[in-house]
Structure formats: structure tokens, C-alpha cells
Amino acid sequence: FDSEWVEHGFCVVQKDVPHWNSHDLCLYFDNILVAIGLMIYQSLKGMPNPAMKSADEMMIFNLLGHLGHGIAHGFIAAKYRGDDVDFAGAQHISHIDKLVGGGEEINQIEI
């Protein structure tokens, strides 16, 4: 694993470009796909096929999950921009860091 991966947990593209790093892009595309998914959900909801009833129930929760995923990436992107987002001094620590560093976990979030 390279130092970028260890610091960020995965590859972050264009982290120095405000509103265009990979976390921001995830937020944008998740929101767009959720909007498209809601349109599809509304057009197909209530189809008489019994299999569609299960799909109706699962689809809305899946869309909410994707929306939450995008919002979480938006908060991470705000951290890179230096917006007023307080993460209480938290930083990413990988399992490798815990093994090498003796497991020091003060003010660190395990992902």
C-alpha cells in the first residue's frame, strides 16, 4: 500500500481541486442516480406482477442507501476543502497502521 492509500483509505483523485475531487464526484453522481432511480421507481411502482411487489419494497431503501452514501462522501470532500466540518480530530487508521504502530487509537476512526 502506498502512502496515499494509507492516509486516505483509498485513492482520492484531484483532492486539491475544490468541488471536483473523487468524493465530490461521488456525491454528485449518487444524487443524479438516485433521482433517476426515483423516476423509474415511480413509473414502475404497483405493477401487478407479484415479483415487482418485493422490488417495490426494496427499491426505496436501496435508493436511500445510495443517497446516504453520497452525502457521506460530501462530508469527506468538505474536509478536503477545509470547510467548517468538525470531525473532532479524527483521522483514518488502517489495519496495517495498527499492526505497525502498536495499536495506538487515540482520536482515530477505524474504517
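**Figure 1. Leu-44 and the nonpolar patch to which this residue belongs.** In this predicted model, Leu-44 is part of helix α2 and counts as partly exposed, because its relative accessibility is 36%, a value that falls between the 20% limit for buried residues and the 50% limit for exposed ones. Together with Phe-29, Ile-32, Leu-33, Ile-36, Met-39, Ile-40 and Met-47, Leu-44 forms a nonpolar patch on the surface, and the accessible area of these residues taken together is about 760 Å². For the chain as a whole, the exposed area is about 7,900 Å², of which carbon and sulfur atoms supply 65%.

**Figure 2. Helix α2, from its start to the residue that follows.** The helix is made up of 23 residues and spans 32 Å between its first C-alpha and its last, which is close to the 33 Å expected at 1.5 Å a residue. At its start, a side-chain oxygen of Asn-21 comes to within 2.8 Å of the backbone nitrogen of His-23, while after the helix comes Gly-46, with a positive phi near 85°. The buried residues of α2 pack against α3, and they are His-23, Asp-24, Cys-26, Leu-27, Asp-30, Val-34, Gly-37 and Tyr-41. An α-helix has 3.6 residues a turn, so residues three or four places apart point the same way.

**Figure 3. The surroundings of Asp-24 in helix α2.** Asp-24 lies in the helix that runs over residues 22-44, and this residue counts as buried because its relative accessible area is 2%, where the limit is 20%. Its side chain reaches the backbone nitrogen of His-19 at a distance of 3.2 Å. When residues up to four places away in sequence are set aside, Asp-24 touches Pro-18, His-19, Ala-77 and Arg-81.

**Figure 4. His-73 in helix α3.** Helix α3, which covers residues 50-81, contains His-73, a residue that counts as buried because its relative accessibility is 13%. Although His-73 and Ser-22 are 51 residues apart along the chain, their C-alpha atoms are separated by 8.7 Å.

**Figure 5. The chain in which these close-ups are set.** Four helices and two strands are found in the chain, and they follow the pattern α-α-α-β-α-β when read along the sequence. Of its 111 residues, 21% count as buried, and among the contacts between residues at least 6 apart in sequence, 44% join residues at least 24 apart.

Key
Residues are numbered from 1 along each chain as its sequence is written. This is a predicted model: local features need pLDDT of at least 70, side-chain atom pairs count only at pLDDT 80 or more; totals for chains, interfaces and linings use all residues. Side-chain values use heavy atoms; hydrogens and water are left out. Buried means under 20% relative accessible area, exposed over 50%, partly exposed in between (1.4 Å probe, protein chains only). A polar contact is a pair of N or O atoms within 3.5 Å; within protein, one must be able to donate a hydrogen and the other to accept it, and residues adjacent in sequence count only if both atoms are side-chain atoms. Contact means heavy atoms within 4.5 Å. Accessible areas come from the Shrake-Rupley method with a 1.4 Å probe; for residues, only the protein chains shown count as cover. Patches are made of residues with over 30% relative accessible area and no salt bridge: like charges are joined within 9 Å, nonpolar side chains (Val, Leu, Ile, Met, Phe, Trp, Tyr) within 5 Å. A salt bridge is a side-chain nitrogen of Lys or Arg within 4 Å of a carboxyl oxygen of Asp or Glu. The expected span of a helix is 1.5 Å times one less than its number of residues.
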